[in-house]
Amino acid sequence: MLKSDKRLITAEDLYKIELVSDPQLSPDGANIIFGVTRVERKTEKKFTNLWLVPSDGSSAPRQFTYGDQSDTQPRWSPDGRSIAFLSNRKDEKQSQIYIIPLNGGEARPVTDMEGSFANFTWSPDGRSFATQFRKKDQAAIEREKDEQKKKLGVVSRHFTTLDYKADGSGYLPDEKWHIWTIDADSGEATQLTEGDKFNELQPQWTPDGRSLIFISNRDPQPDINWDQTELYRIPAEGGDMALIPSHEGRKFNHSISPDGEWIAYMGRKQKGHWYQNDCIYLVPAGGGEARNLTDKFDLHLSTATLTDVGSGTPQPPPTWSKDGRSLYILATEKANQPLLAFSTDPEAPGYKRLIDDAGLVASFSLDDTQQTIAYLWGDFSGPAQVRVRNLADGETKTLTQFNTDWLAEIESGKIEEVWFKGKDGTDLHGWIMTPPGFDPNKKYPSILEIHGGPQTQYGRAYFHEINLLAAQGYVVYWSNPRGSQGYGEDFAGAIYNRWGTVDYDDVMAWADYVEKLPYIDTERMGVTGGSYGGYMTSLIIGKTDRFKAAVAQRVVSNFISFYGSSDMNIGAEYLFGTEQPPWDDLENYWRQSPMATIGNAKTPTLLIHSERDFRCDKEQGEQVFVALKKLGVDSEMILFPEESHGLSRAGRTDRRIERLNHMIRWFATYLKE
């Protein structure tokens, strides 16, 4: 029975969700600027405005920018008097850098450039910006200026390298990402790097403002040798770039020590091997032997937790303490994302836990004194909110309450956390949500949810989809099988070149555990998952008929054809763990593919795929659909036009709702009495 004043959550509640993003604390620690994204139901467009809140909580958050546009990446000037941000307020298809005073007034456009800004950062003196910018292709500019060419559209696409498409972005421009500086007053832009072969990424100022340090892959074949990224330095006034020697392998998310003597960056010990922990490395600013600060602690120092109500806030790079003795970084660990502080002293290695509550820190920023930290915080209760913490005494305040009003109307199911044993005795982690109004004396149908990745984790994050399925009267259960992040490198690497082995055993062990619960109807068990979860769902229906219905989403079904159809291209070698391309290792690729056992399938299965999924091409789902139809298995396929791999998280809201309604319909058909 529901409480009289409560209701069940619906798919349409997605329109009500406001997503908080990118909280940035002012240099003096007094205010926090952040973004809030909303959906306009009539047009299905998403808009983001900036909001401001005092860090002491003395007054409620107030909207700082207005209008139907996207205002993102707010960044305080070094003196704290103004805020720079990206906005498409003048042209829906073109963002520019704007500056707005803290004390009010109109936002002033700084740039007038044609292309894409990936990020930007203020110079230490506040007089200019450094940015990663990609110019619009000349052919695209000419097409937009000529109505006839614009009407006819693209005539052909010409590719000469493998990095020609990216999921969520589509076919990529010919132009590469380069480093620019921009005068904050005049908007005068200076291109520091150029060329049509290499990208230059993530520029960071040295403390003296004289140089920029960035990441680039200058390998002769950067589209094939993905892990050859290196650190480079270039004068801020322009000139030749110089390599900063360090350890061999992938490097990303770097930052420079306050004294300018050291560079901290994220990296991995070996090339490939995507299951590896992301570690912090330290290298002298002039180059030299790099030291891994974090390897011995077996922690993955990147955020890898899944949710369908995330804001897409990027993870900050390792953040230096003012004295250079510590580096602040987020970790993925056993369903949480704590904030840790690692010692940079080689004689005293170790780390402290600054924020270690049950939930997720998604991003953070510090004031100049580093006594106050603002951060994005999420847990099972709802989408993430802005919090602030005094690092001296630990006092913590939640400063925003977005979504709390409509969530208060909802009667939610209860979540139970479970540790259980796998087939071989491995400790595994899972959760069970019972339906609202749950009666332990009744028997319920159930749905097993399997996450994507696989090198991700289910964590203590709010999931609209899980809540919705529970509200339909299902017991919903989910876990982190081997291959997931957060439980150590060996755990994540257990399926390297062994997909569908111990991970399948772990998923089945979880189903075995739940099946034995007294309130589970063993004749009405369903299964669903997307991406890697779609892989596992497709594998399951070919290996067992214990589930009475399945929904396989954005699947990987055939390692052989995935090799060339994904935007990862040859990334199959990195992700799956195969050491050879398929033409030299055909049996191994096929052995790990769900299509190898699909001939045994009997489970009624709904296939859901996006037509613009460049990560797992729709042909992967089509192969399963054709096979099931040929076998006479009840099956349907839903394709969503224009959508990418991330439909369930970031797709157009009406399509997200349509997807959920198809899932509800399918499970109701086969699991409801």
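The following paragraphs lead through two sheets, the helices that lie across one of them, and the empty spaces of this predicted model.

A suitable place to begin is the open sheet of eight strands, whose pairing is mixed. Read across the sheet, the strands come in the order β32-β33-β36-β34-β37-β38-β39-β40. At the edges stand β32, residues 415–421, and β40, residues 635–640; each has a single partner strand, so one side of each is left without a neighbour in the sheet. On average, neighbouring strands of this sheet are turned by 20° against each other, with direction ignored. Within the sheet, β34 (residues 444–450) and β37 (residues 520–530) pair in the parallel sense, and six bridges connect them. One point of reference along this pairing is Ile447, whose bridge partner in β37 is Gly526.

Helices lie across this sheet. Helix α6, residues 502–515, lies across β32, β33, β34, β36 and β37. Its direction makes an angle of about 120° with β32. Helix α13, residues 653–671, lies across β34, β37, β38, β39 and β40, and runs at about 155° to β38. Strands β34 and β37 thus appear in the list for α6 and also in the list for α13.

Helix α6 also packs against another helix. Two packed helices are described by the angle between their axes and the distance between the axes. For α6 and α7 (residues 532–543), the angle is about 80° and the axes are 11 Å apart. This angle makes α6 roughly perpendicular to α7. On the α6 side, the contact is made by Asp503, Tyr504, Val507 and Met508, while α7 contributes Tyr532, Met536, Leu539, Ile540 and Lys543. Sorted by class, the contact of α6 with α7 comprises seven nonpolar residues, two charged residues and no polar ones.

The next topic is empty space. Rolling a probe the size of a water molecule over the atoms shows where empty space is left. Three cavities of 30 Å³ or more are counted in the model, and the largest has a volume of about 50 Å³. Its lining is formed by Gln553, Arg554, Ile608, His609, Ser610, Ser644, His645, Leu647 and Arg659. Strand β39 gives the most to this lining, with three residues. By class, the lining of the largest cavity holds five polar, two nonpolar and two charged residues.

Among the pockets, the second largest has a volume of about 360 Å³. It is lined by 27 residues, and those nearest its centre are Asp379, Phe380, Ser381, Gly382 and Pro383. Two or more lining residues come from each of β29 (372–379), β30 (382–390), α3 (404–407) and α4 (464–471). Of these, β30 gives the most, with four residues. The lining of the second largest pocket has 14 nonpolar, 11 polar and two charged residues.

Another part of the chain holds an open sheet of four strands, in the order β5-β6-β7-β8, with antiparallel pairing. Its edge strands are β5 (71–76) and β8 (108–109), each of which pairs on one side only. Between β6 (residues 82–91) and β7 (residues 94–101), which run antiparallel, there are seven bridges. Here Ile83 stands opposite Ile100 in β7.

Technical notes:
Residues numbered from 1 in each chain as written. Predicted model: local features only at pLDDT ≥ 70, side-chain atom pairs only at ≥ 80, totals over all residues. Heavy atoms only, no water. Pairing = 2+ DSSP bridges. Axes fitted to C-alpha atoms, helices over the stretch in contact; angles between N-to-C directions. Contact = heavy atoms within 4.5 Å. Parallel < 35°, antiparallel > 145°, perpendicular 65-115°, else oblique. Nonpolar A, V, L, I, M, F, W, Y, C, P; charged D, E, K, R; others polar. 1 Å grid on protein atoms, 1.4 Å probe; cavity = no way out; pocket = protein on both sides within 12 Å on 5 of 7 lines; lining within 4 Å. Points joined across faces, edges and corners; volume = space filled by probe spheres on them.
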